[in-house]
Amino acid sequence: MNVMMIGDICGQPGRRTAAHYIPLLKKKYNLDLIIANGENSAGGVGITAHVLEELLELGIDCITTGNHVWDKKEVFNFIDTEKRLIRPANYPPGTPGKGYHILSMNNYKIAVINLLGRVFMPPIDCPFRTADQILSEIKDRCEIIIIDFHAEATSEKLALGYYLDGQVSCIVGTHTHIQTADERILPEGTAFISDIGMVGSWNSILGVDKEPVIQKFLTGLPTKFTVASGSETIFCAVIIKIDPSTNKINEIIRIQENLKF
């Protein structure tokens with residue numbers, strides 16, 4: 001079984017780039033499942049119903065999010081009904097939406113869990129204890145468990161990786177929009193990477209126009225960020241190869257491609 005996990009899709013350039021690469025990589029790697037982080041997919045922050053439909057039509061099976069999940073207020077109209085869209089599970093009880101989604105594929109149950117980090121991030125419940133709680137509920141009925149850990153600090157991401165090593169199939173980091181080169185299979189068999197990276201404009205700062213970001217660093221004043229345009233984009237993802245007879249990870253492959261339109 002081959003699973004592709006795509007980094008943060010940033011705005012229209014990211015969606016266009018995803019539309020180009022998904023069919024190519026699906027054919028090349030014979031993909032069974034595609035997961036993508038979509039929290040920046042609509043105008044650089046949040047997700048709308050129209051963008052959600054567009055991503056699902058690309059063949060994405062599950063869309064994870066993060067701290068920007070609520071930035072487009074219309075998300076409250078559909079996050080409770082669209083099960084393929086999940087938000088971080090460690091939001092407090094009573095928060096709209098669900099923190100994980102279970103898919104049936106090739107006679108297997110596959111769980112996708114979304115968690116949000118706490119280091120350099122807004123206050124939220126503990127992702128470690130939330131993971132423990134969810135695993136106690138689903139581990140006996142899911143052969144494959146995948147976690148998108150949307151977090152800032154690589155130390156927190158790697159700590160969760162070792163904490164859950166052997167209990168889940170894969171833990172990937174999102175949020176920083178910078179792909180790390182530390183993909184590996186941890187000692188007890190869990191595939192890990194600190195951050196997948198992003199899908200969006202290459203000549204940008206994390207997918208947005210450079211100048212407002214530079215001015216914010218120079219002045220400390222509030223600035224408005226806009227999705228960067230340009231003809232060159234980047235596509236970041238990882239491919240997870242799973243042996244269906246043992247449910248063990250055989251390989252994690254890091255993908256980074258540049259595209260000129």
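In the predicted model, His 175 is buried, with a relative accessible area of 14%. This residue sits in the loop between β8 (170-174) and β9 (184-185). Its backbone is marked by a positive phi of about 110°, although His 175 is not a glycine. Asn 30 is another non-glycine residue with a positive phi, here about 50°. Asn 30 belongs to the loop between α1 and β3 (33-37) and is exposed, its relative accessible area being 55%. For context, most residues other than glycine have a negative phi.

The protein contains five helices and 13 strands. A compact globule of 261 residues would have a radius of gyration near 18 Å, and the 17 Å computed for the protein agrees with that value. The C-alpha trace extends over about 50 × 40 × 35 Å along its principal axes. Of the 261 residues, 55% count as buried. Among contacts between residues at least 6 apart in sequence, 64% join residues at least 24 apart. The exposed area of the protein is about 11500 Å², of which carbon and sulfur atoms supply 52%.

Charged side chains comprise 25 positive and 30 negative ones, and the centres of the two sets are separated by 2 Å. Side chains of opposite charge can pair when their charged atoms come close. Five salt bridges were found in a search of the whole structure. One of them joins Glu 54 to Arg 15, with the closest N and O atoms 3.1 Å apart. Glu 54 lies in helix α2 (residues 49-57) and Arg 15 in helix α1 (residues 11-29), so this salt bridge ties together parts that are 39 residues apart in sequence. Glu 54 is partly exposed, with a relative accessible area of 24%, whereas Arg 15 is buried at 11%.

A further salt bridge is formed by Asp 195 and Lys 157, whose closest N and O atoms are 2.8 Å apart. This pair also links distant parts of the chain, Asp 195 being in the loop between β10 (191-193) and β11 (198-201) and Lys 157 in helix α4 (residues 154-163), 38 residues apart. Both Asp 195 and Lys 157 are buried. Arg 84 and Glu 82 form another salt bridge, with a distance of 2.9 Å between the closest N and O atoms. Arg 84 is partly exposed, its relative accessible area being 37%. Glu 82, at 17% relative accessibility, falls under the 20% cut-off and therefore counts as buried.

At the start of the chain, Met 1 is placed in the segment before β1 (2-6). Met 1 is buried, with a relative accessible area of 12%. Leaving aside residues up to four places away in sequence, the residues touched by Met 1 include Asp 32, Asn 106, Tyr 108 and Ile 110. Ile 144, Ile 240, Lys 241, Ile 242 and Pro 244 are also among the contacts of Met 1. Met 105 is another residue in contact with Met 1; these two methionines are 104 residues apart in sequence, with a C-alpha to C-alpha distance of 9.7 Å.

Terms used: Residues numbered from 1 in each chain as written. Predicted model: local features only at pLDDT ≥ 70, side-chain atom pairs only at ≥ 80, totals over all residues. Heavy atoms only, no water. Salt bridge = Lys/Arg side-chain N within 4 Å of Asp/Glu carboxyl O. Helix = DSSP H or I, 4+ residues; strand = E, 2+ residues; numbered from the N terminus. Buried < 20%, exposed > 50% of the residue type's maximum accessible area, 1.4 Å probe, protein only. Rg over C-alpha atoms; globule rule 2.2 N^0.38 Å. Contact = heavy atoms within 4.5 Å. Areas by Shrake-Rupley, 256 points an atom, 1.4 Å probe, with all protein chains shown as cover. Lys, Arg positive; Asp, Glu negative; His and termini not counted. Charge placed at Lys NZ, Arg CZ, Asp CG, Glu CD.
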